[in-house]
Amino acid sequence: SRHGVGLYHGTGAGKTLEMIVGGMELTRLGLAKKPVYAVPKGVLGQFQREFLQAYPRARILVADSSDLTGERRHKFVARWSTGNWDAVIISHTAFKKIPMSKPARLDYINREVKRLEAHLDNADGDDKYTVKDIENQIATLKGRIEDELKTPGDSGVEFERTGSTYIFYDEAHTLKNLRVISSIRELALEGNQITADMDMKLSYLRKNYGGRV
């Protein structure tokens, strides 16, 4: 089964502290390793300060997207993977800069193509809009596969290397655009890459560490 918790309290109700204490308790109980806190760039410093106020001796690794340019990204992932961190606090954009491995990305895209092709096989031929939309999505994804195959892999920065087994995602409504396949045009959604990246990471964690990720 899949386990997840959504904190939908109003501003100032203490969601940040709930995440911090939750992560430290999961680690203490051996239920998680090196929890990641992906937060909006504007609250990165505030989140770190609140963490250290609650746990002054906590071992924390922090990064914004500007910290992960060029070779610094490799160094950051090396520190992340080898360190015994209580928390890794990272901006949303920086979190996407730590991708799944190339084979994992190709597998994910191929699975999406198969889902679309299966839906296309069952689509009503009279529904020209649905058929055309699905065909366009398949063509787009096959183009991404070609791009992935042409692009050299950036070994050493893959999320799988980090050893983190749990993700806290602040402002999770930014991940609302996962692909939805539907014969009803108003419900169908092509999705976006930042949401697909998160879906890939959660799928990997669930496969390897169970539902509580």
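## Overall architecture

The protein chain has seven helices and four strands, and the model that shows them is a predicted one. Read along the sequence, these elements follow the pattern α-β-α-β-α-β-α-α-α-β-α. Taken along the principal axes, the box filled by the C-alpha atoms of the protein chain is roughly 65 × 40 × 30 Å. Of the 213 residues in the protein chain, 41% are buried.

A pair of residues gives a sense of the distances within this box. Arg-79, whose place is in helix H3, and Glu-190 are 111 residues apart along the chain, and their C-alpha atoms are separated by 36 Å. Arg-79 has a relative accessible area of 47%, and is therefore partly exposed.

## Strand E3 and its neighbours

Strand E3 (residues 87-91) pairs with strand E2 (residues 60-63) in the parallel sense, over four bridges. The chain passes from E2 to E3 through helix H3 (residues 71-82), and the β-α-β crossover made in this way is right-handed. Within the pairing of these strands, Ile-60 has Ala-87 of E3 as its bridge partner, while Leu-61 stands opposite Val-88 in E3.

E3 is also joined to strand E1 (residues 36-39), again by four bridges and with the strands running parallel. In this pairing, Ala-38 stands opposite Ile-90 of E3.

How far is E3 enclosed by the rest of the structure? Five of its five residues are buried, so the strand is largely enclosed. Both of its faces are covered, with Ala-87, Ile-89 and Ser-91 buried on one side and Val-88 and Ile-90 buried on the other.

## Aromatic pairs

The structure holds nine aromatic pairs. In one of them, the rings of Phe-51 and Tyr-55 have their centres 6.1 Å apart and their planes at 50°, so this pair counts as tilted, given that the tilted class lies between the limits of 30 and 60 degrees. The two partners differ in their accessibility: Phe-51, at 0% relative accessibility, counts as buried, whereas Tyr-55, at 24%, counts as partly exposed.

Phe-76 and Trp-80 form another aromatic pair, edge-to-face in its geometry, with 5.7 Å from centre to centre and 70° between the planes. These residues are four apart in helix H3, and are therefore separated by about one helical turn. Both Phe-76 and Trp-80 are buried. H3 thus carries this buried pair as well as the partly exposed Arg-79.

Phe-51 and Tyr-55 also belong to an aromatic cluster, which they form together with Tyr-37, Phe-47, Tyr-166 and Phe-168.

## The largest pocket

About 810 Å³ of space lies in the largest pocket. This pocket is lined by 26 residues, of which Val-5, Gly-6, Leu-7, Tyr-169 and Ala-172 are the closest to its centre.

Which elements give two or more residues to the lining of the largest pocket? They are helix H1 (15-28), strand E4 (167-169) and helix H7 (193-209). The largest share, five residues, comes from H1. By residue class, the lining of the largest pocket divides into 14 nonpolar, six polar and six charged residues.

## Loop residues with positive phi

Lys-34 has a positive phi of about 45°, although it is not a glycine. Its place is in the loop between H1 and E1. Is this loop residue buried or exposed? At 10% relative accessibility, Lys-34 counts as buried, because the limit for that class is set at 20%.

Glu-171 is another residue other than glycine with a positive phi, in this case near 60°. Glu-171 is found in the loop between E4 and H7, and its relative accessible area of 37% makes it partly exposed.

How values were computed
Residues are numbered from 1 along each chain as its sequence is written. This is a predicted model: local features need pLDDT of at least 70, side-chain atom pairs count only at pLDDT 80 or more; totals for chains, interfaces and linings use all residues. Side-chain values use heavy atoms; hydrogens and water are left out. Two strands pair if DSSP finds at least two bridges between them. A crossover is right-handed if, with the strands pointing away from the viewer, the path from the first strand over the helix to the second runs clockwise. On a 1 Å grid over the protein atoms alone, a cavity is a set of points where a 1.4 Å probe fits but cannot get out, and a pocket is an open set with protein on both sides within 12 Å along at least five of seven lines; lining residues have an atom within 4 Å of a point. Grid points are joined across faces, edges and corners, and a volume is the space filled by probe spheres set on the points. Ala, Val, Leu, Ile, Met, Phe, Trp, Tyr, Cys and Pro count as nonpolar, Asp, Glu, Lys and Arg as charged, and the others, Gly among them, as polar. Rings of Phe, Tyr and Trp (its six-membered ring) pair if their centres lie within 6.5 Å; planes under 30 degrees apart count as stacked, over 60 as edge-to-face and the rest as tilted. Buried means under 20% relative accessible area, exposed over 50%, partly exposed in between (1.4 Å probe, protein chains only).
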